[in-house]
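Student: I've got a protein model to look at and I'm not sure where to start. Could you walk me through it?

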Amino acid sequence: MDMATRMRDFFPVIGDVPEKFRPGKGLTLDRYLVSGHLKPWQGEFADVVSPVCLRGESREPETLVIGRTPLMDRKHALSALDAAVEAYGQGNGYWPRLSVEERIGHVDAFLAAMREQRREVVELLMWEIGKSYSDSCKEFDRTCDYIADTIAELKALDRRSNRFELVGGVVAQIRRLPVGVALCMGPFNYPLNETFTTLIPALIMGNTVVFKPAKYGVLLMGPLLKAFQECFPPGVINIIFGRGRDTVGPLMESGKVDMFAFIGTHRGAAALKQMHPKPHRLKAVLGLDANNPGIVMPDADLDEAVSECVTGALSFNGQRCTALKLLFVHASVSDAFVEKLAVAVDELVSGMPWDPDVKLTPLPEPGKTEYLGALVEDAVAGGARICNRNGGEVCGTYFHPAVLYPVNATMRVFREEQFGPVVPVVRYSSINEVIDHVQQSDFGQQLSIFGTDPEQVAQLVDVLANQVGRINLNTQCQRGPDTLPFNGRKDSAEGTLSVSDALRVFSIRTTVATRENDRNKGLINEIVKSRHSGFLTTDYIL
Ligand code: G3H
């Protein structure tokens, strides 16, 4: 089938959707979780429109409403915050005082209950954000693994804290205690995984939480609401829905949020942080914009570089904060690289999230195809070519990837984070042009270097290591494995996340110390022996 026909018939008619993935009558998320109650929402709702269109009788793609979510207001958002504040009880609430072992028990129970909702959550990921079935399964399973790894890591951390230090005439015990009330917000591209990589560490360390899901990928919290309600004590986790300005703005203005975990844009994060009246009380962990470059050196293995760049730039249609957003290729190999890249992009399977081997799917953000089209148009007007077949063609919410070459600094796509299927290739002659770009960039999350000469690669690593949080050699940029630090410099992040780092981010090391003399040692020994304290204890979690 030629591409024009393929694009015309890109979206299926309902009968073409495999039975097991067919949307039901829609899901209305009409409850929110506050103080352990799933309260009915009686106010306004927002329609959830799927990026996956269906062809109607006219054969034109028609959007499909797959559900509704509450548009909560200030008053109801604040009631969720009050519940979290009360459950924290200035650090003396039931949850922050609970032993680590007991908190782990609650999270374990949640994990078991969550696993039972796999099918529903995976299907909603597909319909809500257009993620392929295999990537949706991966997101769910990776999140479950993350929770299990977090539990194991906390046990190890707690074991290390269960001893006394003897230093400089002082006896001390050091433990990690919660920060307070956390506000957790995740992004639409990994609405489950990225959200839970802050939410779960926040909870397990004894913080209480208000959680507001991203703008898209909201319905998929529906199947998990009951698990949250049943597995955590009242007020420990409170879940609200709605527009950010109506909900999280008032929470920040209240000054009662102690910890802000946010994955999104640096502008959004800055606006929210500025609303908090006590800037030093607010601790933040932020995963923000990135414009990760790939650098292809003259001696790179081009086949390997192309394969990694295709995955790096186009997994989930380029909608990853870690995606390779700008490829710098040495002039001696750039034509050959682009030729291979275009062929590799042409081979990617496009279609619906349930299609076998599908890699390219429709985009969830309204207006996104127009935005990407404008980036392509601007680059073409500036002298770049679209090098792959049908690059930039649009059908409804689907945008076919465009490989643009040669791109230069005058073009919008050079500066703007496209966060979508546009692959700009810049031809460079001197590596100093690339180094200069990386140094001048406002972002510093990751980069990839493709090359085989040990001396050249080593020099570039050393020059660029102070610019980003991770350098990938002959490998695409990525967050995983989740045990590695995930962070960034400049406007790309605040704080570091990984399974072990997140436990540290959501806690504060707190010390109880005494001068080392017989009376004080006797006091400590008696407290430990008689188990008077949850802090001063040497109990081991096995
Ligand atoms: O959007 C950012 C995600 O953390 C990407 O995770 O790079 O492991 O796919 P990943």
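Student: Which residue has a backbone N or O atom that lies 2.8 Å from an oxygen atom of the ligand?

Tutor: Keep in mind that this is a predicted model. Start with the residues around the ligand, which include Arg 320, Cys 321 and Thr 322. Now look for a backbone N or O atom 2.8 Å from a ligand oxygen, and you land on Cys 321.

Student: Which residue brings a polar side-chain atom to 2.9 Å from an oxygen atom of the ligand?

Tutor: Be careful to sort backbone from side chain here. Gly 480 has a backbone N or O atom 3.1 Å from a ligand oxygen, so to speak of a side chain you need another member of the list around the ligand, which also includes Arg 142. The polar side-chain atom at 2.9 Å from a ligand oxygen belongs to Arg 142.

Student: How much of the ligand's accessible area does the protein cover?

Tutor: Picture the ligand on its own, where it has 300 Å² of accessible area. Put the protein back around it, and the share that gets covered is 94%.

Student: How many residues of the shell around the ligand are charged?

Tutor: Split the shell by type. Two of its residues are nonpolar and four are polar. The charged ones number four.

Student: Which domains does the shell around the ligand draw at least three residues from?

Tutor: The domain assignment of the chain gives 76–287 and 293–481 as its two stretches. The shell takes at least three residues from each of them, namely domain 1 and domain 2.

Student: How far apart are the C-alpha centres of those domains, and how many residues of each take part in the contact?

Tutor: The C-alpha centres of domain 1 and domain 2 are 32 Å apart. The contact takes 18 residues from domain 1, and from domain 2 it takes 16 residues.

Student: On to the sheets. In the open sheet with the order E1-E5-E4, which strands stand at the edges?

Tutor: This sheet has three strands with mixed pairing. E1 and E5 pair in the parallel sense over two bridges, with Leu 27 opposite Gly 67 in E5. E4 and E5 are antiparallel over eight bridges. Each edge strand has a single partner, so one side of each is left without a neighbour in the sheet, and those strands are E1 (27–28) and E4 (45–55).

Student: Which residue in the turn between E4 and E5 has a positive phi?

Tutor: E4 and E5 form a hairpin, with five residues between them. Leu 54 stands opposite Glu 62 in E5. In the turn, the residue with a positive phi of about 75° is Arg 59.

Student: There's also an open sheet of seven strands. Which are its edge strands?

Tutor: Read the order from end to end: E15-E18-E19-E14-E13-E21-E22, with mixed pairing. The strands that pair on one side only are E15 (385–386) and E22 (470–473).

Student: What is the bridge partner of Gln 446 in E22?

Tutor: Strand E21 covers residues 446–450, and pairs with E22 in the parallel sense over four bridges. Across in E22, the partner of Gln 446 is Arg 470.

Student: Last one: which residues does Asp 442 touch, not counting those up to four places away in sequence?

Tutor: Asp 442 sits in the loop between helix H15 (431–440) and strand E20 (443–444). Its C-alpha atom is 8.8 Å from that of Arg 489, although Asp 442 and Arg 489 are 47 residues apart along the chain. Leaving out residues up to four places away, Asp 442 touches Lys 490 and Asp 491.

Methods
Residues are numbered from 1 along each chain as its sequence is written. This is a predicted model: local features need pLDDT of at least 70, side-chain atom pairs count only at pLDDT 80 or more; totals for chains, interfaces and linings use all residues. Side-chain values use heavy atoms; hydrogens and water are left out. A residue is near a molecule or strand if one of its heavy atoms lies within 4 Å of it. A polar contact is a pair of N or O atoms within 3.5 Å; within protein, one must be able to donate a hydrogen and the other to accept it, and residues adjacent in sequence count only if both atoms are side-chain atoms. Accessible areas come from the Shrake-Rupley method with a 1.4 Å probe; for residues, only the protein chains shown count as cover. Ala, Val, Leu, Ile, Met, Phe, Trp, Tyr, Cys and Pro count as nonpolar, Asp, Glu, Lys and Arg as charged, and the others, Gly among them, as polar. Domain bounds come from an automatic or database domain assignment. Two strands pair if DSSP finds at least two bridges between them. Contact means heavy atoms within 4.5 Å.
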